[in-house]
Amino acid sequence: MATTTKSPAKAKSPATKSKAPEQTSDVTESALNELFLDELKDIYWAEKHLAKALPKMAKAATSNELREAILAHKTETDNHITRLEEVFSSIDEKAVAVKCEAMAGLLKEGDEIVEETETGSITRDAGIISAAQKIEHYEIASYGTLRTLAGVLGYNDAVELLEATLQEEKTADSMLTEIATSGINQTASTEKE
């Protein structure tokens, strides 16, 4: 009768062991704080570049209602930039923008929609609204996350500032929906290619 020998269990090599993050009592040294700062720098870049893109979107819009809404949001976006600078200041950090690949992609998509639709068409307005709402949804997700992280980190002033911007982004999204459903989408559905 043959005997089988069990191979000994392999010990994990030091390179394959997973190491738990080091715990710290100082939130400014925490990994979560680093994530918060990275996300803050990301949205700061996003807002600055959106502020440059909004006048082009407004100029491309066909309806006065959409054009005016975009220009009003440009003013809000300028305020968001200032508010973000206040967030940086409230946590004793320098305001630094780091390229936001997501916003860069969304802005590029918006440019492509304008290029691919006919000047003066309501279909272009429907496309601009689509692009703008994708941007708003990205901002809503970003500001919601930042507000929550700021709360966990104990940055109470930042929570208030981020919450104010979050509510404005939600309002802008609702306004775009209202403009789209009050006639633009229906009119665009009857336009010929």
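## Aspartate 78 and its salt bridge

At 30% relative accessibility, aspartate 78 counts as partly exposed. In this predicted model, aspartate 78 is placed in helix 2. Its C-alpha lies 7.9 Å from the C-alpha of lysine 48, although the two residues are 30 apart in sequence.

The side chain of aspartate 78 meets that of lysine 74 in a salt bridge, with an N to O distance of 2.9 Å. Lysine 74 and aspartate 78 are four residues apart in helix 2, so about one helical turn separates them. Lysine 74 is likewise partly exposed, and its relative accessible area is 21%.

## Overall architecture

The chain has five helices and zero strands. Read from the N terminus, the order of elements is α-α-α-α-α. Helix 1 covers 31-60, helix 2 covers 64-90 and helix 3 covers 101-116. Helix 4 takes in residues 122-153, and helix 5 takes in residues 156-188.

Of the 193 residues in the chain, 40% are buried. The exposed area of the chain is about 11700 Å², and 52% of this is supplied by carbon and sulfur atoms. Counting contacts between residues at least 6 apart in sequence, 80% join residues that are at least 24 apart.

## Salt bridges between helices

The structure holds six salt bridges in total. The pair within helix 2, lysine 74 and aspartate 78, is one of them. Two others connect one helix to another, as set out below.

Lysine 134 and glutamate 109 form a salt bridge through their side chains, at 2.5 Å from N to O. This pair links distant parts of the chain, since lysine 134 belongs to helix 4 and glutamate 109 to helix 3, 25 residues apart. Both ends are partly exposed: lysine 134 has 37% relative accessibility, and glutamate 109 has a relative accessible area of 27%.

Arginine 147 pairs with glutamate 163 in a further salt bridge, where the closest N and O atoms are 2.7 Å apart. Because arginine 147 lies in helix 4 and glutamate 163 in helix 5, the pair ties together parts that are 16 residues apart in sequence. Arginine 147 is partly exposed at 26% relative accessibility, and glutamate 163 is partly exposed with a relative accessible area of 26%.

## The loop between helix 2 and helix 3

Aspartate 92 is located in the loop between helix 2 and helix 3. Its relative accessibility is 73%, so aspartate 92 counts as exposed. The residue has a positive phi of about 60° although it is not a glycine. Most residues other than glycine have a negative phi.

Glutamate 93 is found in the loop between helix 2 and helix 3 as well. It is partly exposed, with a relative accessible area of 35%. Aspartate 92 and glutamate 93 belong to a surface patch of negative charge that also includes Glu34 and Asp38. Membership of such a patch requires over 30% relative accessible area and no salt bridge. Glutamate 93, at 35%, therefore passes the accessibility cut-off, and aspartate 92, at 73%, therefore passes it too.

## The loop between helix 1 and helix 2

Alanine 61 sits in the loop between helix 1 and helix 2. With 4% relative accessibility, alanine 61 counts as buried; the cut-off for that class is under 20%.

Apart from neighbours within four places in sequence, alanine 61 contacts Leu66, Arg67, Asp125 and Ile128. Asp125 and Ile128 fall within the residue range of helix 4, while Leu66 and Arg67 fall within that of helix 2. Alanine 61 also has its C-alpha 7.5 Å from the C-alpha of glycine 120, across 59 residues of sequence.

## An exposed position in helix 3

Lysine 108 lies in helix 3. At 53% relative accessibility, lysine 108 counts as exposed, given that the class begins at over 50%. Its C-alpha is separated by 9.6 Å from that of alanine 131, which is 23 residues away along the chain.

Terms used:
Residues are numbered from 1 along each chain as its sequence is written. This is a predicted model: local features need pLDDT of at least 70, side-chain atom pairs count only at pLDDT 80 or more; totals for chains, interfaces and linings use all residues. Side-chain values use heavy atoms; hydrogens and water are left out. Patches are made of residues with over 30% relative accessible area and no salt bridge: like charges are joined within 9 Å, nonpolar side chains (Val, Leu, Ile, Met, Phe, Trp, Tyr) within 5 Å. Accessible areas come from the Shrake-Rupley method with a 1.4 Å probe; for residues, only the protein chains shown count as cover. A salt bridge is a side-chain nitrogen of Lys or Arg within 4 Å of a carboxyl oxygen of Asp or Glu. Lys and Arg count as positive and Asp and Glu as negative; His and the chain ends are not counted. The place of a charge is taken as NZ of Lys, CZ of Arg, CG of Asp or CD of Glu. Buried means under 20% relative accessible area, exposed over 50%, partly exposed in between (1.4 Å probe, protein chains only). Contact means heavy atoms within 4.5 Å.
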